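Q: I've got a model open and I'd like to learn how to read it, feature by feature. Can you walk me through it?

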Amino acid sequence: MAAVRRLVIDVLKPHDPSSVQVARTVADLPGIDGVNVTLVETDREVQTLKLTIEGPDVDHEAVETTVDELGGSVHSVDQVVCGELVVEGVETPQD
Amino acid sequence: MTPDLDLGRAVRALRTALADEEVRAISRRYLVSNGFDGALTSIGVAVGSFLTGVPTGLAVVKIGLGAAVGLATSGVWSVWEIERAEKRAELADVERAMLRDLSGTRLHREQRTARAVNAVASGLGPVAGVLLPMTPYLMAPSIGLLWATVAAVGVGVGVLFAFGSYVGTTAGLNPYVAGARMGVAGLVVAVVNYLLPG
């Protein structure tokens with residue numbers, strides 16, 4: 001089965017652990033080369049983050065388990081890129 | 001899980017807790033507050049023991065040890081229960097916002113470690129506050145009970161001064177003034193004990 005090369009997820013988490021801790025913990029997982037954590041929204045108790053995770057073989061189940069263990073919840077999987085080539089989305093007339 | 005992994009995880013959790021400014025601030029408050037109680041209790045025990053004619057320095061030390069055990073147990077036990085309730089309420093707030101149970105998550109584990117650090121700091125305060133002023137009584141056979149009592153009050157005031165300076169330093173205050181403000185309390189306790197009838 002083709003390896004996941006890029007995973008973009010929407011995560012809700014408490015203020016603690018920090019975004020830095022989330023990024024470092026996810027980036028330490030095997031098969032991941034880099035992680036981008038972007039703050040989307042902040043509330044009194046929680047924050048919404050967009051995680052862009054790239055690597056030769058991103059294990060999405062391990063990522064979800066790690067996010068869960070950090071106290072967060074994966075709200076949605078916004079993008080998955082699989083295969084030898086990282087294919088970017090292309091604009092269509094509908095866009 | 002092997003004991004090695006367990007210990008490694010505990011050490012990492014402890015280091016994380018000690019690096020957390022909120023955990024340090026709460027622990028500092030409990031340490032100083034209960035250490036203040038301990039030092040004042042110790043000065044009271046020293047002056048009271050001398051004035052009521054306790055025969056030996058060792059007897060005074062034993063009374064002090066009893067006070068230290070009581071205050072340390074109080075410090076650990078009360079903070080353990082207080083922080084359990086406080087942190088449970090904090091977690092419940094986050095759980096409501098997250099719409100999920102956070103038991104077993106890193107946040108939950110960090111709260112447990114923080115509670116343990118708070119409780120230990122709370123117990124250490126009175127141990128230091130009571131036992132240090134008692135040490136001159138170990139020399140009572142050579143210097144006499146009067147001078148051992150004077151020295152005990154001096155050490156007690158010194159401990160209070162140290163606690164005050166420590167708190168003052170963390171707040172950016174003059175450590176000598178902050179230390180003196182707390183040290184005076186020791187002298188007040190000694191004088192009030194001396195003036196008490198009987």
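A: Sure, and let's begin with the vocabulary: helices and strands here are DSSP runs, numbered from the N terminus, with at least four residues for a helix and at least two for a strand. Keep in mind that this is a predicted model.

Q: Fine. How many helices and strands are there in chain B?

A: Chain B has seven helices and zero strands, so its pattern along the sequence is just α-α-α-α-α-α-α. Along the principal axes, its C-alpha atoms fill a box of roughly 65 × 40 × 30 Å.

Q: And what about contacts that link distant parts of the sequence?

A: Take the contacts in chain B with a separation of 6 or more: 73% of them join residues 24 or more positions apart. One pair to look at is D20(B) and A114(B), which are 94 residues apart along the chain, yet their C-alpha atoms are separated by 8.8 Å. D20(B) sits in the loop between α1 (3-19) and α2 of chain B.

Q: Is D20(B) buried, exposed or partly exposed?

A: You count neighbours: a residue is buried with 20 or more other C-beta atoms within 10 Å and exposed with 12 or fewer. D20(B) has 17 C-beta neighbours inside 10 Å, so it counts as partly exposed. Across chain B, buried residues make up 40% of the 198 residues.

Q: Where is L99(B), and what is its phi?

A: L99(B) is in the loop between α3 and α4 of chain B. Its phi is positive, about 55 degrees, although it is not a glycine. L99(B) has 9 other C-beta atoms within 10 Å, so it is exposed.

Q: Any backbone oddities in chain A?

A: Check omega. The peptide bond from D16(A) to P17(A) is cis, with omega near 10 degrees, and P17(A) lies in the loop between β1 (4-14) and α1 (19-27) of chain A.

Q: Now the core. Which residues touch the most other members of the largest nonpolar core?

A: The general idea first: in soluble globular proteins, nonpolar side chains tend to be buried together. Here the largest nonpolar core has 48 residues, and I43(B), A46(B), V159(B), L160(B) and F163(B) touch the most other members. In chain B, α2 (21-51), α3 (57-98), α4 (106-134), α6 (145-170) and α7 (175-195) each supply at least two residues of this core, and α2(B) gives the most, with 13 residues. Apart from it lies another core, of 15 residues, including V4(A), V11(A), V58(A) and V67(A).

Q: What does L160(B) touch?

A: Leaving out residues up to four places away in sequence, L160(B) touches F36(B), A39(B), M182(B), G183(B), A185(B) and G186(B).

Q: How do I read a helix pair, say α4(B) and α6(B)?

A: Start with distance and angle: the two axes come within 7 Å and cross at roughly 150 degrees. Angles over 145 degrees count as roughly antiparallel, and α4(B) and α6(B) are therefore roughly antiparallel to each other. The crossing is right-handed. Then list who meets whom: A128(B), G129(B), L132(B), P133(B) and M134(B) in α4(B) meet A152(B), V155(B), G156(B) and V159(B) in α6(B). That contact divides into seven nonpolar, two polar and no charged residues.

Q: Last one: how many residues does each chain give to the contact between them?

A: Nine come from chain B and 11 from chain A. On the chain B side, α3 and α4 are the elements giving two or more residues, and α3(B) has the largest share, four residues. By type, the chain B side divides into five nonpolar, one polar and three charged.

Definitions and conventions. Residues are numbered from 1 along each chain as its sequence is written. Chains are lettered from A and ligands numbered from 1 in the order in which they are written. This is a predicted model: local features need pLDDT of at least 70, side-chain atom pairs count only at pLDDT 80 or more; totals for chains, interfaces and linings use all residues. A nonpolar core is a set of buried Ala, Val, Leu, Ile, Met, Phe, Trp, Tyr and Cys residues joined through C-beta atoms within 7 Å. Two residues are in contact if their C-beta atoms, placed from the backbone, lie within 7 Å. Ala, Val, Leu, Ile, Met, Phe, Trp, Tyr, Cys and Pro count as nonpolar, Asp, Glu, Lys and Arg as charged, and the others, Gly among them, as polar. Axes are lines fitted to C-alpha atoms, for helices over the stretch in contact, and angles run from 0 to 180 degrees between N-to-C directions. Angles under 35 degrees count as roughly parallel, over 145 as roughly antiparallel, 65 to 115 as roughly perpendicular and the rest as oblique. A crossing is left-handed if the near helix is turned anticlockwise from the far one by less than a right angle, and right-handed if clockwise.
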